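Here are my notes on this one, as promised. Have a look at the chain first, then go through the points in order.

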Amino acid sequence: MKTADGADAGTGTVDGESGLTVMACGVCDVTWRGRLGDSCWACGISAHTAKAPPLQVKIPAPA
């Protein structure tokens, strides 16, 4: 479905920019806002990156 400005409805927008999503590197365990195909900002390898899974609650380990 298209909106009045021609963008696809349902695509995520961040600060008015379409196509941005939360990306993650499976090797470096880092996340950032970017686009599919981005290289990891830590290791620089795009083959390790993917769209980040939904946020999960992390429970700290007992002391």
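1. A cut-off to keep in mind: a residue is buried under 20% relative accessible area, exposed over 50%, and partly exposed in between. Cys28 has 27% relative accessibility, so Cys28 counts as partly exposed. Bear in mind that this is a predicted model.

2. Where does Cys28 sit? Its place is in the loop between E3 and E4. Setting aside residues up to four places away in sequence, Cys28 touches Cys40, Ala42 and Cys43. For the pair Cys28 and Cys40, 12 residues apart along the chain, the C-alpha atoms are separated by 8.2 Å.

3. Now the overall makeup. The secondary structure of the protein chain amounts to five strands and zero helices, and along the sequence this reads β-β-β-β-β. Of the 63 residues in the chain, 19% are buried. About 5100 Å² of the protein chain is exposed, with carbon and sulfur atoms supplying 57% of that area.

4. On to the sheet. Three strands form an open sheet in the order E4-E3-E5, and the pairing is antiparallel. E4 and strand E5 (49-51) are at the edges with a single partner strand each, so each has one side without a neighbour in the sheet. On average, neighbouring strands here are turned by 35° against each other, direction ignored. As a reminder, strands of a sheet pair through backbone hydrogen bonds, either parallel or antiparallel.

5. Looking at the E3 and E5 pairing: these strands run antiparallel to one another and pair over three bridges. Cys25 stands opposite Thr49 in E5.

6. Which residues make up the largest nonpolar core? There are five in all: Met23, Cys25, Val30, Trp32 and Cys40. Strand E3 (21-25) and strand E4 (30-34) are the elements that give two or more residues to this core.

7. Cys25 deserves a second look, as it belongs to that core and also faces Thr49 across the sheet. Leaving out neighbours within four places in sequence, Cys25 is in contact with Val30, Trp32, Cys40, Cys43, His48 and Thr49. Cys40 and Cys43 turn up in the contacts of Cys28 as well.

8. Last, contact range. Take the contacts in the protein chain between residues at least 6 apart in sequence: 17% of them join residues at least 24 apart.

Technical notes
Residues are numbered from 1 along each chain as its sequence is written. This is a predicted model: local features need pLDDT of at least 70, side-chain atom pairs count only at pLDDT 80 or more; totals for chains, interfaces and linings use all residues. Side-chain values use heavy atoms; hydrogens and water are left out. A nonpolar core is a set of buried Ala, Val, Leu, Ile, Met, Phe, Trp, Tyr and Cys residues joined through side-chain atoms within 4.5 Å. Buried means under 20% relative accessible area, exposed over 50%, partly exposed in between (1.4 Å probe, protein chains only). Helices (H or I, at least four residues) and strands (E, at least two) are DSSP runs, numbered from the N terminus. Contact means heavy atoms within 4.5 Å. Two strands pair if DSSP finds at least two bridges between them. Axes are lines fitted to C-alpha atoms, for helices over the stretch in contact, and angles run from 0 to 180 degrees between N-to-C directions. Accessible areas come from the Shrake-Rupley method with a 1.4 Å probe; for residues, only the protein chains shown count as cover.
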